[in-house]
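Q: Please take a close look at one loop of this model and then follow the surrounding architecture inward. A connected account, from the surface to the interior, would be most useful.

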Amino acid sequence: MYHDRYDLPLSTPSEAAAQAFDVAADSLLAGVGNPLSAADAVLAKDPEFALGHSARASALMLAGQIPDAREAAARGVELAASATRREQQHAAIIEQVMSGRRDEALALIHEHIEDFPRDALAIDPAAGVFGLIGFSGRQDREPEQLALLKPLARHYGDDWWYQQALAFALLEYDQARESLPLAEAALAKRPDSGHVAHIWVHAKFEAGEHADALAWLADWVPSFQPDGIMYCHLWWHLALFHLLEGNFDAMWKTFDEHCQEGQSESPSINLFTDGVALAWRAWAAGAERSVPRLERLRELGERYFPRPGIFVDVHRAACLAALEDWQALDDFREGCRLTAEKGYLTTGTVVFELTDGFEAFAKENWSEAHRILSGALPSVVRIGGSRAQRRLVDETIAAAERHL
């Protein structure tokens, strides 16, 4: 029986399929190349390989093809029935993730870790700020993330995937100095990885070493290929560093050339939220409102996210407020209210508070914006995303304060 790079057995009789699976898993874990093409290569060698279908489901989800992702995940579960218990549980986790059953998926991951702690590809959906814990809407999600990952150290040692995952968990728990050495060690092993580079940049950002991060990223990111899922987001980080320097021209040049739809294979959630965040933060910093860009982002958001959804909500509210479309903002509030009544809005009242605060800011009601957003700040962690992304709120509060 063939094994993956974590020495876990693979239920495929094809050596070529097993090798292709390692490539697909690496693409997903490292954020390099096109994971969908890599997963398709696995199934071309062995169409009956369960984990090949599970990997394809994850790749389809990243591409925003949710119905196809669910179908692939279900096929993985079906084929895993005759595979090992590890593969059955792995496929079941991915199927729960694709079906949107976040709590059930997380519970399965906790169970899975007990017997198969080195099944990184099955654990990965619970890691990171966009993962099952990161998007749980819970106030204590940051210590929860660290509690999941830290005990795995004895199983992974100096493995680069684990180092970068733990580094991000530490970083989000306000332990930037402890995080940076792990991120640097992972980067030394995988200098090509979009995920590792991303976390290193975050660590430098939180450590206040902005000039070093800007110089390194400006040198590194041009070689990163557009089919890498982190392409848009890494260029967005470079644009954000230009914003912090007050260089709006370089910021928009970076965004326009690398962060818009059609320029990469990046997930739609990055294209929408990164774009809105940059436009809003630039406006709060004193740049002119970029109405044409905001209109394009609004259309993109409506196309890909027709219903309220965690993290996206806050950026939709900011986009509508910046466009001064008060009726659309009221309609958005009503949609969120109905979603909350059905029990699907897990962030409590913070989305409504931020919406009110953004509207007050856009209407130049500085004292009201400052009051509402400052009151909401302790709960902003519930919207998901990283500390660097959530600084959107802090920067808006600071901008309102400058006008008082």
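**From an exposed loop to the nonpolar core**

A: Asp174 counts as exposed, because its relative accessibility is 58% and the cut-off for that class is over 50%. The model is a predicted one. Asp174 lies in the loop that joins helix H10 (160-172) to helix H11 (176-189). Although Asp174 is not a glycine, its phi is positive, at about 65°.

A second residue invites comparison with this loop position. Glu324, likewise not a glycine, has a positive phi of about 60°. Its setting is the loop between helix H18 (312-322) and helix H19 (326-341). With a relative accessibility of 38%, Glu324 counts as partly exposed.

The interior offers a contrast to these loop positions. Thr355 belongs to helix H20 (residues 350-362). Its relative accessible area is 2%, so Thr355 is buried, the limit for that class being under 20%. Apart from neighbours within four places in sequence, the contacts of Thr355 are Ala317, Leu329, Phe332 and Arg333.

The nonpolar interior can be described next. The largest nonpolar core comprises 143 residues, and the members that touch the most others are Trp161, Leu278, Trp280, Leu354, Phe358 and Phe361. Helix H16 makes the greatest contribution to this core, with 11 residues. For Trp161, when residues up to four places away in sequence are not counted, the residues touched are Arg5, Tyr6, Leu29, Ala120, Ile123, Asp124 and Tyr156.

Helix H16 also packs against a neighbouring helix. The axes of H15 (residues 248-258) and H16 (residues 268-284) come within 12 Å and cross at roughly 165°. H15 is therefore roughly antiparallel to H16, since angles over 145 degrees fall in that class. The crossing of H15 past H16 is left-handed. On the H15 side the contact is made by Phe248, Met251, Trp252 and Phe255, and on the H16 side by Gly275, Leu278, Ala279 and Ala282. Sorted by class, this contact has seven nonpolar residues, one polar residue and no charged residues. Leu278 thus appears in two roles: in the contact with H15, and among the core residues that touch the most other members.

Notes:
Residues are numbered from 1 along each chain as its sequence is written. This is a predicted model: local features need pLDDT of at least 70, side-chain atom pairs count only at pLDDT 80 or more; totals for chains, interfaces and linings use all residues. Side-chain values use heavy atoms; hydrogens and water are left out. Axes are lines fitted to C-alpha atoms, for helices over the stretch in contact, and angles run from 0 to 180 degrees between N-to-C directions. Helices (H or I, at least four residues) and strands (E, at least two) are DSSP runs, numbered from the N terminus. Angles under 35 degrees count as roughly parallel, over 145 as roughly antiparallel, 65 to 115 as roughly perpendicular and the rest as oblique. A crossing is left-handed if the near helix is turned anticlockwise from the far one by less than a right angle, and right-handed if clockwise. Contact means heavy atoms within 4.5 Å. Ala, Val, Leu, Ile, Met, Phe, Trp, Tyr, Cys and Pro count as nonpolar, Asp, Glu, Lys and Arg as charged, and the others, Gly among them, as polar. Buried means under 20% relative accessible area, exposed over 50%, partly exposed in between (1.4 Å probe, protein chains only). A nonpolar core is a set of buried Ala, Val, Leu, Ile, Met, Phe, Trp, Tyr and Cys residues joined through side-chain atoms within 4.5 Å.
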